[in-house]
Amino acid sequence: MPQKKIFLVFMVVAMVTLLLHGGGHWSRTTQDLHSNCPAPCSHCAAALKAKHTNVAFLKTHKTASTTVQNLLFRFAERNNLTVALPRQACSHQFCYPRSFSTHFVHPHTLPPNIISSHMRFKEAEVRRLMPNNTVYVTILREPASMFESLFSYYSQYCQSFKVANESLDVFLAQPWRYYRPQDKHSMYARNTLTFDLGGDKDRAATDVAYARFLVGEVERVFSLVMIAEHFDESLVLLRHLLSWDLDDVAYVKLNMRTPGSKHQLTPGLSAKIRAWNWLDARLYDHFNASLWRQLAALGPACVEREVRLLREAQERLLRRCFGGRQPLFRPAAQIEYKELRPWQPSSKVEIVGYDLPANVSHGLSGWAHEPCLKLIMPEVQYTRVLLRSQSIRYRQNRQP
C-alpha cells in the first residue's frame, strides 16, 4: 500500500507540473487533434513532416497562376532547388501551344524539382522529366470571368476575336461564325482550360462521356486543383498537401488589369460564355465542389484560422520587405524600376504592376532584400533572372 500511495502522489505532482508549465501547449495540441488542423507557423512544418520539394504546377491561363508560380519560384530559391525553365527559343513558356516535350526544357535547369511555366500538359512527357514522387497541382477559374479576361488580353492576337471586331458581345452573339479552330491562337477562344490540360477543346457539347473522361483524368493526375475565386482557401490546402510553412505560401497579387480594361458581364453574357466553353464549365463546377469538400473535411474553424494567419504572415512579409509600406500599385509606364514593369499585351489593355516605395527605391543600389524584389517581380523578368542564376550554378557544378 505505501508504494501505491507514493506512486499516486508522484502522478498527481507530475500532472500538476505538466498543467502549470505546459498547459498552453497541451490545450493547443488537444484542440488541433480535435479539429484535424495542425497549428501553422512560420517555421514549424518542417519539424513535423519533411516538406515536399518536387512539385509540378500546371500554369493555366488567366487564373491567378502567375501568383502561384511566383511563390514556387521563391520557394525554390530559398531551398536551393532547381526549376525547369524553357529553352530561350520558347521564350518564357514551354513552346506553348505545342504539347509539352522534355526537349523544350533548358539543359541548365536539369534535373528539376519544380516546373511551373505555361505549357500544354502532356502527362507522359512531364512524368519522364520529373521525379517519381512529384506532387501535381493546377488551378481553375470560373469560365465566364476567365473568358472575359482572355478576350481582352488576346483580342489583338487571336483571329477569332479580331474578326468579331474585338467585341465580346459580337463574338458571343454568333461564336461559330467567328471561331477559327485552325488559327494558332484558337485555344484562347474556346475551352482554354481543357486545352491547357491536354484535352480536346472542340469536342461537341453532346459528348458527355468525354467530359466525364476528362474530369476523371484530371482527378487521377492532380493531387490538388486550386480555385482562383477561393485563392487563400486553396493555399491552405496546398500548404497541408506539401507540408509547407505559412511563409512559403505568402504572396502579393500579380498580373492584374486596370478596371478600365475589364468588360462588365451580364447574367446573359455569362450564360453564353459557359455554354460556349462547356468543357471548362464542367471542369470548374466539378473541382469547385471538390475543393469545398476538402475544406469541409479540414474543418471550417481550421480553414478560417489558417486564412487569417496567412494574411497576417503576408502583412509581416510586407513590413519586413518594405518597412511597413505597401509596394506602389501602378501602370507599367509609371514604374521607375524596369525589372518590375509587367508585359503589356496591347494598347487596349493595361496590366498593372508594383513600384518600390520611396524609402526603398532611393536606396536601391544598396538594398539587400533581393527576395523582396522578387516578391513583386513579373513573370517574364523573374524567369530570365532565375535562368541566369541556375545557369551560373550549372557551370560551377561542371567545373573540375
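In what order do the 5 strands of the open sheet with parallel pairing stand? The order is β2-β3-β1-β4-β5. Strands here are DSSP runs of E with at least two residues, helices are runs of H or I with at least four, and both are numbered from the N terminus. Two strands pair if DSSP finds at least two bridges between them.

The model is predicted: local features need pLDDT of at least 70, side-chain atom pairs count only at pLDDT 80 or more, and totals for chains, interfaces and linings use all residues. Residues are numbered from 1 along each chain as its sequence is written, and side-chain values use heavy atoms, with hydrogens and water left out.

The protein holds 17 helices and 8 strands. Of its 400 residues, 54% are buried. Buried means under 20% relative accessible area, exposed means over 50%, and partly exposed lies in between (1.4 Å probe, protein chains only). A contact is a pair of heavy atoms within 4.5 Å. Among the contacts with a separation of 6 or more, 72% join residues 24 or more positions apart.

The parallel sheet has two edges. β2 and β5 (224–227) stand there, each with a single partner strand, so one side of each lacks a neighbour in the sheet. At the β2 edge, 2 bridges pair β2 with β3 in the parallel sense. A84 has I115 of β3 as its bridge partner. Helix α3 packs on this sheet and touches β1 (55–58), β2, β3, β4 (135–140) and β5. The direction of α3 makes about 160 degrees with that of β1. Such angles run from 0 to 180 degrees between N-to-C directions, and axes are lines fitted to C-alpha atoms, for helices over the stretch in contact.

Helix α3 covers residues 65–78. Its 14 residues should span 20 Å at 1.5 Å a residue, and the end C-alpha atoms are 20 Å apart, which agrees. The expected span is 1.5 Å times one less than the number of residues. Because 12 of the 14 residues are buried, α3 is largely enclosed by the rest of the structure. Among the buried residues are V68, L71, L72, F73 and F75. Polar and charged side chains are on the list too, including Q69, N70 and R74. After α3 comes N80, with a positive phi near 55 degrees.

The loop between β2 (83–84) and β3 (114–115) contains N113. This residue counts as buried because its relative accessibility is 17%. Beyond its neighbours within four places in sequence, N113 contacts T53, N54, V55, L81, T82 and M130.

A second helix, α13, lies across β4 and β5 and runs at about 100 degrees to β5. Helix α13 comprises residues 278–298. For its 21 residues the expected span is 30 Å, and the end C-alpha atoms are 31 Å apart, which agrees. Its buried residues include W278, L279, Y284, F287, L291, L295 and L298. D280, N288 and S290 of α13 are buried as well. G299 follows α13, and its phi is positive, near 110 degrees.

Elsewhere, 3 strands form an open sheet with antiparallel pairing, in the order β6-β8-β7. The edge strands β6 and β7 each pair on one side only. Strand β8 (residues 351–355) is mostly covered, with 5 of its 5 residues buried. It is joined to β6 (residues 256–257) by 2 bridges, and R257 stands opposite I351. Strand β7 (residues 328–331) is joined to β8 by 4 bridges. Here P331 has V352 as its bridge partner, and F329 has Y354.

One helix pair was also examined. Two packed helices are described by the angle between their axes and the distance between the axes. The axes of α5 (residues 143–154) and α12 (residues 267–276) come within 8 Å and cross at roughly 90 degrees. That makes α5 roughly perpendicular to α12. By angle, under 35 degrees counts as roughly parallel, over 145 as roughly antiparallel, 65 to 115 as roughly perpendicular and the rest as oblique. P143, A144 and F147 of α5 meet S270, I273, R274 and W276 of α12. These residues divide into 5 nonpolar, 1 polar and 1 charged. Ala, Val, Leu, Ile, Met, Phe, Trp, Tyr, Cys and Pro count as nonpolar, Asp, Glu, Lys and Arg as charged, and the others, Gly among them, as polar.
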